[in-house]
Amino acid sequence: MNNSDLVKRDLSVLWHPCTQMKDHEWLPMIPIRRAEGIWLEDYDGRRYLDAISSWWVNLFGHANPDINAAVQQQAQTLEHVMLAGFTHEAVVELSERLVQLTPAGLERCFYADNGSAAVEVALKMSFHYWRNKGHTRKTRFITLENSYHGETLGALAVGNVQLYKDTYAPLLMQTISVPSPDCFYRQPGESCAAYSERMFQPMRAALERHAEEVCAVIVEPLVQCAGGMRMYDPVYLKLLRAACDEYGVHLIADEIAVGFGRTGTLFACEQAAVSPDFLCLSKGLTGGYLPLSVVLTGDQVYQAFYDDYGSLKAFLHSHSYTGNALACRAALATLDLFQQRDTLAANRSLAAAMARATADLRDHPQVAEVRQTGMILAIEMIKNKFERIPYPWQERRGLRVYEHGLANGVLLRPLGNVVYFMPPYIIEPEQIALLAEVARQGIDKAVAD
Ligand code: PMP
């Protein structure tokens, strides 16, 4: 079998995610035969460095021997059992460890099977908590502009990336949208912290105005990933936590993308020393192996649902694969790897290497900014650097970088005009150098005309 054999079969039966399928009339699809470490290999024997961790999920490389062994062993004893009325060792152990590792006050784990589902759980739980407490007027959510929380209708409604959302607008609940603290828009000479702090004003105003009808504020802590890896200062989260307490509104931290070390700390909220009321995790949770997500919350929320059955206060939400045993084992093996390898410390030098390898791009005439938070580094291409005029999305400049990357053995998948690195933590310094070089050439090519 070679690439074109499999692609031909694929194109006659599949419909791919987040894809205009007509593009595949000219844009080759890459069928992957095997993967190991940071490398993906296709059926023609070409290799691609997975610089984006396969949609931000992979942490310790593909075909990781430790995670493989854990999943294999689990498969021989228990692959899955429903989690209502039943439990198993892997899900109990994982919950104990997550409660330990996450910020203080998060003591209960509710599982689902993907990121969007976790967001739905957090939204419903927050609403339902207030209802159980007699606050029936609380039915709305505050969100940040340019945020992304997933594709199911509730998650899409609280997101704010127009490209994904606008088409479905008639189907979506109305949210209260507040300008983002995104430091891309800070004034010349203004620090990111000063800008993020200044941008808290509209959030405070929205809370003040709407607190009575608002269940929760939902944010992606520190990095708005799908919105183009836009970053903001931890001071915003600090102010938000305090204001949510002041106005009696929940804080939902969607760390689905930024959790598990991506921002430099295990969880991004740690950098602001805050605990959310709900913490959503997925993606890196299983090291990129299996779909699993979890919402952590505190005892106060849990107790508001705890009553006689007849009170109808229970959270009657479920997914068939909730707390899947294989996925929980992959998650436990992933947490072991963090400990064994002292990953967060090792990542600090990898992050510094990424910064050095891309430093010269800051002066590139078509690069607006090179920004970084921990292991996430983004390079934003721009049409006019001084007047800050972006390339129109129709020009699909990022796609040119994608094509250049594939032709040179690197999987980059820019978000619009934003080229970014979010590699697995096993990346080596030479691979960072290769990545930076291919990105630089790709950007030069993409902005050439
Ligand atoms: N929240 C955030 C912050 C995300 O980045 C994503 C996925 N990119 C999701 C939620 C949705 O997760 P999933 O794709 O697993 O539904």
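**Exercise 1. Unpaired cysteines**

Determine whether cysteine 244 is buried or exposed in this predicted model, and find which cysteine sulfur is closest to that of cysteine 244.

*Solution.* Begin with the accessibility: cysteine 244 has a relative accessibility of 1% and therefore counts as buried, the cut-off for that class being under 20%. Next, consider possible partners: the closest cysteine sulfur belongs to cysteine 269 and lies 11 Å from the sulfur of cysteine 244, which is too far for a bond, given that a disulfide requires sulfur atoms within 2.5 Å. Cysteine 328 is likewise in no disulfide, since the nearest cysteine sulfur, that of cysteine 109, is 9.7 Å away. With a relative accessibility of 0%, cysteine 328 also counts as buried.

**Exercise 2. The disulfide**

State how many disulfides a search of the whole structure finds, and work out the handedness of the bond from the torsion about S-S.

*Solution.* The search of the whole structure returns one disulfide, and this bond joins cysteine 183 to cysteine 192 with an S to S distance of 1.9 Å. The torsion about the S-S bond of these two residues is about 85 degrees, so the disulfide is right-handed. Finally, compare the surroundings of the two partners: cysteine 183 is buried, with a relative accessible area of 5%, whereas cysteine 192 is partly exposed, with a relative accessible area of 26%.

**Exercise 3. The ligand and its shell**

Identify which residues surround the ligand, and describe the contact that a side-chain atom of lysine 283 makes with the ligand.

*Solution.* First list the shell, which consists of Trp56, Asn114, Gly115, Ser116, Tyr148, His149, Gly150, Glu220, Asp254, Ile256, Ala257 and Lys283. Sorted by class, these residues divide into four nonpolar, five polar and three charged. Then turn to the individual atom pairs: an N or O atom in the side chain of lysine 283 is 3.0 Å from a nitrogen atom of the ligand, while a backbone N or O atom of glycine 115 lies 2.8 Å from an oxygen atom of the ligand. A polar side-chain atom of asparagine 114 is placed 3.4 Å from a ligand oxygen atom. As a last step, take the ligand as a whole: on its own it has 390 Å² of accessible area, of which the protein covers 81%.

**Exercise 4. The cavity**

Find how many cavities of 30 Å³ or more the structure holds, and state which residues line the largest cavity.

*Solution.* The search of the whole structure finds one cavity of 30 Å³ or more, and the volume of the largest cavity is about 40 Å³. Its lining is formed by Ser147, Tyr148, His149, Gly150, Ala155, Leu156, Gly159, Asn160, Val161 and Tyr164. Divided by class, the lining of the largest cavity has five nonpolar and five polar residues, with no charged ones.

Technical notes
Residues are numbered from 1 along each chain as its sequence is written. This is a predicted model: local features need pLDDT of at least 70, side-chain atom pairs count only at pLDDT 80 or more; totals for chains, interfaces and linings use all residues. Side-chain values use heavy atoms; hydrogens and water are left out. On a 1 Å grid over the protein atoms alone, a cavity is a set of points where a 1.4 Å probe fits but cannot get out, and a pocket is an open set with protein on both sides within 12 Å along at least five of seven lines; lining residues have an atom within 4 Å of a point. Grid points are joined across faces, edges and corners, and a volume is the space filled by probe spheres set on the points. Ala, Val, Leu, Ile, Met, Phe, Trp, Tyr, Cys and Pro count as nonpolar, Asp, Glu, Lys and Arg as charged, and the others, Gly among them, as polar. A residue is near a molecule or strand if one of its heavy atoms lies within 4 Å of it. A polar contact is a pair of N or O atoms within 3.5 Å; within protein, one must be able to donate a hydrogen and the other to accept it, and residues adjacent in sequence count only if both atoms are side-chain atoms. Accessible areas come from the Shrake-Rupley method with a 1.4 Å probe; for residues, only the protein chains shown count as cover. Buried means under 20% relative accessible area, exposed over 50%, partly exposed in between (1.4 Å probe, protein chains only).
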